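Me: Got a structure here that I'd like to walk through. Can you take my questions as they come?

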Amino acid sequence: MATTSDDRGDTRIDTDPRPGPALRRAMDEALDRGEVGLQIAVYRHGELVVDAAAGTVSSGGPAVDRDTVFFVASAGKVSTATALHRQVERGLLEYDQPIASVWPEFAAEGKDRFTVRDALTHREGLSRLPEGTWVGDDWDRMVNRLAASAPSSDPVEREAYHAFTWGYVVGEIARRVEPDRTPFDDLVRTLVHEPLGISGVWHRLPESEHPRNAVVKGQLLVGDPFDFTITEDHDFNTPHHWGRTDPSGAWMTARGGARLWSLYAQGGEVDGVRLLSADRIRTFLEPRDGGQPAGIMIGSRGVIGQGGLMLGGAVPHHEDVLGFKDNVLWHPGGGGAVGFADLDAGISAMICHNEYFDERPLAAHPFAPIVRAIYDDLAG
């Protein structure tokens, strides 16, 4: 392990494997801009080539290390999406079959026409949480309320990004084809995390991991549809929040997230374990059907693909705005976390942090320099 410190005496970078010079500069620049703590991991052709941490777990707190856990919000959707893709790969589901064929109650209020692909690509008109529910609510209560809900009649709202409800619908579909309707957390772990040797991604943070969890704060959302600022004493930073199941978000280490994204960068196979076909993954580079924008909750950069992941190449000037090359799958998290897979270069990465910002109104994503630095170092 190598560490460097600045003249104020605080630990700046904890790294192993060591990042290249461009990434080290980009991490230092992020800290100088006001970032509190950073954790970045990169896989290339299935090999972990960067596992670095910088800054502190809270303002004035201990140093972030490579095992610190971060809440990455919707950047964790890749985990839930992968579980559903595994069920299709196993022949238990088809993307274009009606949701109601495996979840009959979902047909209520005219939703019998919606397909598995509609749910995966945020097109079934349930972008709002049912009244009286919340993220982390009892699973059965939540999915029953969603099944009984009427879809929006507004075509724009119907296809808007389903920030909070998406994981419940996609997760319940994945569960419904299991004979015992395996609990969501167990299903994702069994189908995705364990086969890939991932121990650093959770949709509900185990008590054993609580001491490693970073304190998050800052502006999760600014302006429409609402302002959401998190302080260090916010519920987000309590065991109450950590103990909720969030199928639309996740807690993770950057190393765990980057390894999950490496499944896509490697064409569906990691260390000899194949979970998805390469041809299937390539279809995820196509935009979703319908043509409606994803809406203000995700912003203009959130171009949704057929696999439920975002399309880096579909964003105008994506290399300047996001730092990505072509043929990239990615997903942002509220507050700024980013994970991506470059299918051509065989590169995957995860950027975790704890000083949240709303990147939607900004000209470029604040972590675009970090993404470009990853490419620069690996090209050198």
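Me: M350 first. Is M350 buried or exposed?
Reply: M350 is buried, because its relative accessibility is 0%, and the cut-off for buried is under 20%. Keep in mind that this is a predicted model.

Me: Which strand is M350 in?
Reply: M350 sits in strand 15, which covers residues 347-353.

Me: How far apart are the C-alpha atoms of M350 and T253?
Reply: They are separated by 8.5 Å. Along the chain, M350 and T253 are 97 residues apart.

Me: Now strand 13. How many of its residues are buried?
Reply: 5 of the 5 residues in strand 13 (residues 328-332) are buried, so the rest of the structure largely encloses this strand.

Me: Which residues are on which side?
Reply: V328, W330 and P332 are on one side of strand 13, and L329 and H331 are on the other. Both faces are covered.

Me: Why would they split like that?
Reply: In a regular strand, side chains alternate between the two faces of the sheet.

Me: Which strands does strand 13 pair with, and in what sense?
Reply: Strand 12 (residues 310-311) pairs with strand 13 in the antiparallel sense, over 2 bridges. There, L311 stands opposite L329. Strand 14 (residues 338-342) also pairs with strand 13 in the antiparallel sense, over 5 bridges. In that pairing, H331 is opposite G339.

Me: What about the turn between strand 13 and strand 14?
Reply: The two strands form a hairpin with 5 residues between them. G335 in that turn has a positive phi of about 100 degrees.

Me: Switching to sheets. What is the strand order in the mixed one?
Reply: The order is 8-7-16, in an open sheet of 3 strands. Strand 8 (228-230) and strand 16 (355-356) are at the edges with a single partner strand each, so one side of each has no neighbour in the sheet.

Me: How do strand 7 and strand 16 pair?
Reply: Strand 7 (residues 217-221) runs parallel to strand 16, with 2 bridges between them. G218 stands opposite Y356 of strand 16.

Me: And the antiparallel sheet, what order is that in?
Reply: That open sheet has 3 strands, ordered 5-9-6. Strand 5 and strand 6 (201-202) are the edge strands, each pairing on one side only. Strand 6 and strand 9 (residues 250-252) are joined by 2 bridges. W202 stands opposite W251 in strand 9.

Me: W251 rings a bell. Which residues line the largest cavity?
Reply: W251 is one of them. The others are F71, N213, A214, V216, F236, N237, H241 and W242. That lining divides into 6 nonpolar residues, 3 polar and no charged.

Me: How much space is in the largest cavity?
Reply: About 30 Å³. The count is 1 cavity of 30 Å³ or more.

Me: And the largest pocket, what volume does it have?
Reply: The largest pocket comes to about 570 Å³. It is lined by 31 residues, and A73, S74, F164, L220 and G334 are the closest to its centre. Strand 5 (70-73) and strand 7 are the elements that give two or more residues to the lining.

Me: What is the lining of the largest pocket like, polar or nonpolar?
Reply: A mix: 17 nonpolar residues, 8 polar and 6 charged.

Me: On to helices. How many residues of helix 6 are buried?
Reply: 11 of its 11 residues, running from 166 to 176, so to speak a helix that is mostly covered. Among the buried ones are W166, Y168, E172, R175 and R176.

Me: What covers the buried residues of helix 6?
Reply: The cover includes helix 2 (77-89), helix 3, helix 4 and helix 7 (184-193).

Me: Last one, T133. Where does T133 lie?
Reply: T133 is in the loop between helix 3 (116-120) and helix 4 (139-148). T133 counts as buried because its relative accessible area is 11%, and the limit is under 20%.

Me: What does T133 touch?
Reply: Beyond its neighbours within four places in sequence, T133 contacts R141, M142 and R145. A polar atom of the T133 side chain also lies 2.6 Å from the backbone oxygen of P130.

Definitions and conventions. Residues numbered from 1 in each chain as written. Predicted model: local features only at pLDDT ≥ 70, side-chain atom pairs only at ≥ 80, totals over all residues. Heavy atoms only, no water. 1 Å grid on protein atoms, 1.4 Å probe; cavity = no way out; pocket = protein on both sides within 12 Å on 5 of 7 lines; lining within 4 Å. Points joined across faces, edges and corners; volume = space filled by probe spheres on them. Nonpolar A, V, L, I, M, F, W, Y, C, P; charged D, E, K, R; others polar. Helix = DSSP H or I, 4+ residues; strand = E, 2+ residues; numbered from the N terminus. Buried < 20%, exposed > 50% of the residue type's maximum accessible area, 1.4 Å probe, protein only. Polar contact = N/O pair within 3.5 Å; in protein donor to acceptor, adjacent residues only side chain to side chain. Contact = heavy atoms within 4.5 Å. Pairing = 2+ DSSP bridges.
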